[in-house]
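Student: Could you take me through one part of this structure up close? I'd like to see what surrounds a single side chain, and then how some of the strands are put together.

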Amino acid sequence: VQLQASGGGLVQAGESLRLSCAVSGYIFRPNDMGWYRQAPGKQRELVATITGGGSTNYADSVKGRFTISRDNTKDTAYLQMNSLKPEDTAVYYCNANLMGISYWGKGTQVTVSS
């Protein structure tokens with residue numbers, strides 16, 4: 001199973017980015033998918049999750065600014081990040097739950113300058 005994340009980069013505060021996470025190497029549709037992030041010196045934290053049925057959950061710090069979505073035909077999850085803040089700077093990791101097993105992708109760096 002592979003999770004391929006893309007879309008990170010360097011932006012200024014107030015700008016937007018969209019992250020993508022494509023799952024491959026598995027014949028079943030992923031259950032929950034999500035995004036987590038880890039800033040330097042901090043623990044990895046949940047950003048947003050989405051179930052196979054489309055129910056979403058967000059960290060309080062990103063509510064109203066970030067939107068998670070998924071395309072089940074492509075086994076891909078997205079994270080639309082608007083109104084980015086310097087405190088959103090972190091490595092963002094994609095996660096997928098497949099038959100009760102949690103898989104992680106390599107992180108993608110998001111840097112927001114003030």
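Tutor: Start with the side chain of Arg-37, which makes a polar contact of 3.0 Å with the side chain of Asp-88. Keep in mind that this is a predicted model. Arg-37 has another polar contact to look for, at 3.4 Å, this time with the side chain of Ser-61. Where does Arg-37 sit in the chain? You'll find it in strand E4, which covers residues 33–38. And is Arg-37 buried or exposed? Its relative accessible area is just 5%, and because anything under 20% counts as buried, Arg-37 is buried. Now check what it touches, leaving out residues up to four places away in sequence. Among them are Gln-43, Arg-44 and Glu-45, along with Val-47, Val-62 and Phe-66. Ser-61 and Asp-88, the two polar partners, are on that contact list too, and so are Glu-87, Ala-90, Val-91 and Tyr-92.

Next, have a look at one of the sheets. It's an open sheet of 4 strands, in the order E1-E3-E8-E7, and the pairing is antiparallel. Strands E1 (2–6) and E7 (66–71) are at the edges with a single partner strand each, so one side of each has no neighbour in the sheet. On average, neighbouring strands here are turned by 15° against each other, ignoring direction. Zoom in on E3 (residues 17–24) and E8 (residues 76–81): they pair in the antiparallel sense over 6 bridges. If you want a spot to click on, try Leu-19, whose bridge partner in E8 is Leu-79.

Note on methods
Residues are numbered from 1 along each chain as its sequence is written. This is a predicted model: local features need pLDDT of at least 70, side-chain atom pairs count only at pLDDT 80 or more; totals for chains, interfaces and linings use all residues. Side-chain values use heavy atoms; hydrogens and water are left out. Helices (H or I, at least four residues) and strands (E, at least two) are DSSP runs, numbered from the N terminus. Buried means under 20% relative accessible area, exposed over 50%, partly exposed in between (1.4 Å probe, protein chains only). A polar contact is a pair of N or O atoms within 3.5 Å; within protein, one must be able to donate a hydrogen and the other to accept it, and residues adjacent in sequence count only if both atoms are side-chain atoms. Contact means heavy atoms within 4.5 Å. Two strands pair if DSSP finds at least two bridges between them. Axes are lines fitted to C-alpha atoms, for helices over the stretch in contact, and angles run from 0 to 180 degrees between N-to-C directions.
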